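Student: Please take one part of this structure and look at it closely, step by step, and then set it against the rest of the chain. I would like the reasoning spelled out wherever a conclusion depends on a cut-off.

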Amino acid sequence: MDSTHGDRIRELLERATDAATVIAPFIRVDALRSLLDVVPPAAHFRCVTRWLPRDVAAGASDPKILDLLEKRGNFSLSLADRLHAKLYIVGDRCLAGSANVTLAGLGESRDESNIEILVETTTDDLALTNALEKISQVERPATREIAEAVGRLAEQLAAVSSGSFETGKSWFPCSWHPEDAYPLYANPPKGYVVRATRLLLTDLATSNLQPGLREPQFGAAIRSLLSEIPVAEQILDSDKDMLLTRADCATYLQTHTTDDLTVNDLWRAFVNWMAFFFPDQVIKQDITEVALRRAQSLNT
């Protein structure tokens, strides 16, 4: 029987004396356990991965690996939100390629496995050195609080995706209460929630923001998402005073309506989010209907 990528990785990891490193964006408990079984207990096990709500909801990533690592002990677990590299390192030896720590990635799935590649190199390789340096600059500890928060957001995303939300859609807020976004992001509730909270959880889950951001970072990330909305660009990029109304945006808003959300619902949500996260650029204008005003000076 041909050896699998998992066999090659285990052959490397079992040679660890001081330390073993596994870096991959997608890590599942069952696959990680098969690797940990061969790592000598005295060797420190370093793991770097990413936990984004969309990945967790899809089953590609699993925050429960923290439980497995805590049971083992002698480990470090960190997150790098833009991680794509797959690296397995012991001493100066490294396997680098496309194989994630999933049974399909290791070539050991009972179903069809992925077509992957792992190339052996050394830690002297300049490309590897550069990648490890970039990872070290952005990684942050994976805490129990982050694991629980991203798990709850993923559960919400999975529930939404099984309903009317299409995961391929661009992000657009549907809640009227952006002022509650960061507290809910930092500590998503468990169990039953009222509709207003559920809508806001939906906004947070579908934003696919990395867990554990501080409030200023969270605000910057939301502003970035809002600025990518075409009707937001229309007002943010204007260099003169202007008024944006629901009628101006009706065609675009119609593409985001659902059985439960009308054009008017979405317009009010959009106005509130824009006014809350861009207070120095736009204001909520109450005329015959709610609107957004882009003003050169908001002190007038």
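Tutor: Cys94 is a good place to begin, and in this predicted model it counts as buried, because its relative accessibility is 1% and the cut-off for burial is under 20%. Whether its sulfur is bonded is a separate matter, and here the distance decides: the closest cysteine sulfur, in Cys47, lies 14 Å away, which is too far for a bond, given that a disulfide requires two cysteine sulfur atoms within 2.5 Å. Cys174 can be read in the same two steps, since a relative accessible area of 8% makes Cys174 buried, while the nearest cysteine sulfur to that of Cys174 belongs to Cys249, at 17 Å, and Cys174 is in no disulfide. For the protein, the count of disulfides by this rule is zero.

Burial can also be followed along an element, and helix α12, residues 263-277, shows it well. Of its 15 residues, 11 are buried, so α12 is largely enclosed by the rest of the structure; the buried ones include Trp267, Phe270, Trp273 and Phe277, together with the polar Asp265 and Asn272. The geometry of α12 is consistent with its length, because 15 residues at 1.5 Å a residue should span 21 Å, and the C-alpha atoms at its ends are indeed 21 Å apart.

Part of the surroundings of α12 is a sheet. Three strands make up this open sheet, ordered β8-β10-β9 and paired in the antiparallel sense. The edges are held by β8 (242-244) and β9 (282-286), each of which has a single partner strand, so one side of each is left without a neighbour in the sheet. From one strand to the next the twist averages 35°, and α12 packs on the sheet, touching β8, β9 and β10, with its direction at about 35° to that of β10. Between β8 and β10, residues 290-294, the antiparallel pairing runs over three bridges, and one residue pair that can be located in the view is Met242 with its bridge partner in β10, Arg294.

Set against the whole, these elements belong to a protein with 12 helices and 10 strands, in which 47% of the 300 residues count as buried. Among contacts between residues at least 6 apart in sequence, 71% join residues at least 24 apart. The C-alpha trace spans about 70 × 40 × 30 Å along its principal axes, and the protein exposes about 15,200 Å², of which carbon and sulfur atoms supply 49%.

Terms used. Residues are numbered from 1 along each chain as its sequence is written. This is a predicted model: local features need pLDDT of at least 70, side-chain atom pairs count only at pLDDT 80 or more; totals for chains, interfaces and linings use all residues. Side-chain values use heavy atoms; hydrogens and water are left out. Helices (H or I, at least four residues) and strands (E, at least two) are DSSP runs, numbered from the N terminus. The expected span of a helix is 1.5 Å times one less than its number of residues. Buried means under 20% relative accessible area, exposed over 50%, partly exposed in between (1.4 Å probe, protein chains only). Two strands pair if DSSP finds at least two bridges between them. Axes are lines fitted to C-alpha atoms, for helices over the stretch in contact, and angles run from 0 to 180 degrees between N-to-C directions. Contact means heavy atoms within 4.5 Å. Accessible areas come from the Shrake-Rupley method with a 1.4 Å probe; for residues, only the protein chains shown count as cover.
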